[in-house]
Amino acid sequence: MIVPMKRIRIVGPLGATGGCIRLLRENGALHVVNSKNDDLLGKSGLNVGSFSSETSETLKRTESLLFDVRTAMALLRKSDPSHIDLLSMEPGEQDWLSDSFHNEYKPIVDEIASTAAAASRLNAEMEEIRGFRLIFEEFQPLVEVVVSLKGVEMSGVFFRESEGTAARKMDEIEKALDDATEGACSVVRGKPQKNLSSCLLVYPFSLGNKVQNEVFERHAKKIQTIHVPQKLEKETFASTLLNMFKREKTVESELEMMQEKLRGYSVRWTSLLGTLEKGLKRAVKELRLQNYLALSEKTFWITGWIPAEESKNLEDAAEMEFGGSVIVFTEKPSPADYANVPVLLNNPPWASPFQRFLAIFPSPVYGSVDPTVFITVFFPLFFGLMLGDVGYALILGFLARLIHVRKPRDPLWSDVMAVVGACAVTTALFGILYGEFFGKMWQGLGFPAAFFHRKEEIITLLAVMLLVGGLHVILGNLIAIRNSLYGRMFRDALARFSDIGFIGAAFWIAWCVYSEKPLEWGGTIMALSLAVKLLSEGPAAFLEVIRLFSNVLSYARLMAIGLASIIFADLADDFFLSSGGVVIGVIGAMIIHAVNFVIGVFDPAIQAIRLHYVEFFNQFYKHGSVEYAPLKAEII
Amino acid sequence: MEADLSAIGVGLNAVGIGLSAIGAGLAIGLSALATAIVQAKVGSVAVAAIQEKRELTGIMILLIAIPETMVILGFVVAVLIIYT
């Protein structure tokens, strides 16, 4: 259920602003909104959300420090993932916004950031050097010789091809160079690696341009040139390569030093950074809150939303604290406000465990319907329809009991236990109706199916599931009609009404065809529904009709998954019956039943919730509301 | 003569059964193939998304389940062919 809300406006003398904010934190029920969105304020002459430039600067600086603290924490975590700090303290009282605080801690986060950046640069350099070493290690003796010779240069070339293709290309280039330089250039080939072949071109300085033209321009498409990083270029290619190899050892030891430094910072400062993060977060929240207030020279104004049942408490608390100098005005929201009203869901204890299924969705818009109760009824129903086996229900019941014993106080596990328990009940119920106990053991024990046996009455099963689906979709449309009438959208309500007519007429026609009776009113209702839909939605109505039928057909999955489950369960029973040895038969049957149970729990759960999220919610669910986040005192 | 007609009838029946089986196999096989292709793409994107933001796990599992409609309806068709 969506909790009814009231808009609150609090007006009082400027001097009482701090006291009022403290009162609101203690009350813990008001969701404060930016007063500039309050249209009543426009007539008051108050300045809305105006920070002084000094306060803006303080907020910017504090947010920047908070960002730096979080970055430093992430960098330290990355450098020392095994270090888990459990000692981060609660912030306590501090002047988080002062210059002295800022000047004390900013150098620490800057130091961490600069050390991490240096380590990152060294790492990148190391990777680069290792890349070159991979290609040129075998050429090192030649490189050393070339460096010692004056007037000789070399260039590196490599081919990312198979050995044969690379060899052929090297032949072409060698021939081209021979012709161009009259044999003055040498090509030294490296040992081919997997899809990587390299060679060095060694030539006099004076022929550099010819080599450039012949190899790197005319044959550019055939080769890839190796360029040393410009920042490392010393003199020639050869001397740069050698310097890079020499630098490798230095880079390695520098990198080790930086990483050791970061590990030291992690041990020393993780706790402090955790405390800083909490305190700065709170300080930024406080500062931002001030921007939501409207202020004049003598007055403050706060706007917000509060659960209707809490508004009287707030009014009484303000009266007691300020003796009438601070006034609290309340009013109900109008439909025009619904998109901005924060939403709080509150459901009875038997439905609240299923509220978790809405956690991955944005909350429904205020003024619409909270679907939790419907999920509470239909999720276990669909689950039971699909799994439908007394034996599996007993296992589910046992699991629910186990959760209750092992995790009695954990709220998450309590909700899981409630959901599993409800699913166990419906699974047992449908197991009796289908006559299934670990597959066909129910019939083996001599009991008949109370309703019908799934594997023998497939058409009946399909018809029942589609009927359930049709009713579910009709329910969604009824909720949509309610929402539309509430929001005075009569055209939309008419379109939804025609959808109900379509589904009803379709089932009636199917029933008449199956039982070979005349169609009577079925065709007429369908034609009328189409006419109403065209009137309310225009040509898009045809697409909507297709969507409607595909939504209902989607419930055929209840039949498909259920049938797959019983086929698999019967397979386990057949294995037991046909096996020669009792032990092997029992073990084999248990394994197959275990696999079927695991699939039978996860798949129906996912498909049942998917039917709600897509086929059901598509009919009426409107989201995009604001989450209810009241101003509360931090617990220390 | 009657025996010949009866044998032809049995033969045609067997052909019909065989074709039905092929049809059922195609119904589930092709739809399973389509589901697998789509779920592979959705699954790989979901893994990357979950790695960046853990809170997307629930909705990603749901998005992976949505293409299963194809194979489920293919299964329904296959079962209807075989059992009716």
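The largest pocket in this predicted model holds about 1100 Å³ of space. Its lining counts 29 residues. Nearest the centre of the pocket lie A:Phe357, A:Phe379, A:Val416, A:Val419 and A:Ala605. By class, the lining has 25 nonpolar, two polar and two charged residues.

Both chain A and chain B help to line the largest pocket. Four helices of chain A and one of chain B each supply at least two lining residues. The table lists them.

| Helix | Chain | Residues |
|---|---|---|
| α9 | chain A | 372–387 |
| α10 | chain A | 390–406 |
| α11 | chain A | 411–434 |
| α18 | chain A | 582–620 |
| α2 | chain B | 57–65 |

Which helix gives the most to this lining? It is α18(A), with eight residues.

**Nonpolar cores**

The largest nonpolar core has 96 residues. Those with the most contacts inside this core are A:Ile10, A:Ile302, A:Phe382, A:Leu558, A:Met559 and A:Phe617. Helix α13 of chain A, residues 458–486, provides the largest share of the core, eleven residues. Apart from this core lies another, of 43 residues. Its members include A:Ala118, A:Leu122, A:Met126 and A:Leu287.

A:Met559 shows how the largest core is knit together. Neighbours within four places in sequence are left aside here. On the chain A side, A:Met559 is in contact with A:Ile458, A:Leu461, A:Leu462 and A:Met465. On the chain B side, A:Met559 is in contact with B:Val76 and B:Val79.

**Chain A overall**

Chain A has 636 residues, and 46% of them are buried. Its secondary structure comes to 18 helices and twelve strands. Contacts between residues at least 6 apart in sequence can be sorted by separation. Of these, 79% join residues at least 24 apart. Chain A exposes about 33000 Å². Carbon and sulfur atoms supply 61% of that area.

**A:His102**

A:His102 lies in helix α3 of chain A, which covers residues 99–136. Is this histidine buried or exposed? A:His102 has a relative accessible area of 11%, so it counts as buried, the cut-off being under 20%. Residues up to four places away in sequence are not counted among its contacts here. Beyond them, A:His102 touches A:Arg61, A:Leu65 and A:Pro107.

Key. Residues numbered from 1 in each chain as written. Chains lettered and ligands numbered in written order. Predicted model: local features only at pLDDT ≥ 70, side-chain atom pairs only at ≥ 80, totals over all residues. Heavy atoms only, no water. Core = buried A, V, L, I, M, F, W, Y, C linked by side-chain atoms within 4.5 Å. Buried < 20%, exposed > 50% of the residue type's maximum accessible area, 1.4 Å probe, protein only. Contact = heavy atoms within 4.5 Å. 1 Å grid on protein atoms, 1.4 Å probe; cavity = no way out; pocket = protein on both sides within 12 Å on 5 of 7 lines; lining within 4 Å. Points joined across faces, edges and corners; volume = space filled by probe spheres on them. Nonpolar A, V, L, I, M, F, W, Y, C, P; charged D, E, K, R; others polar. Areas by Shrake-Rupley, 256 points an atom, 1.4 Å probe, with all protein chains shown as cover.
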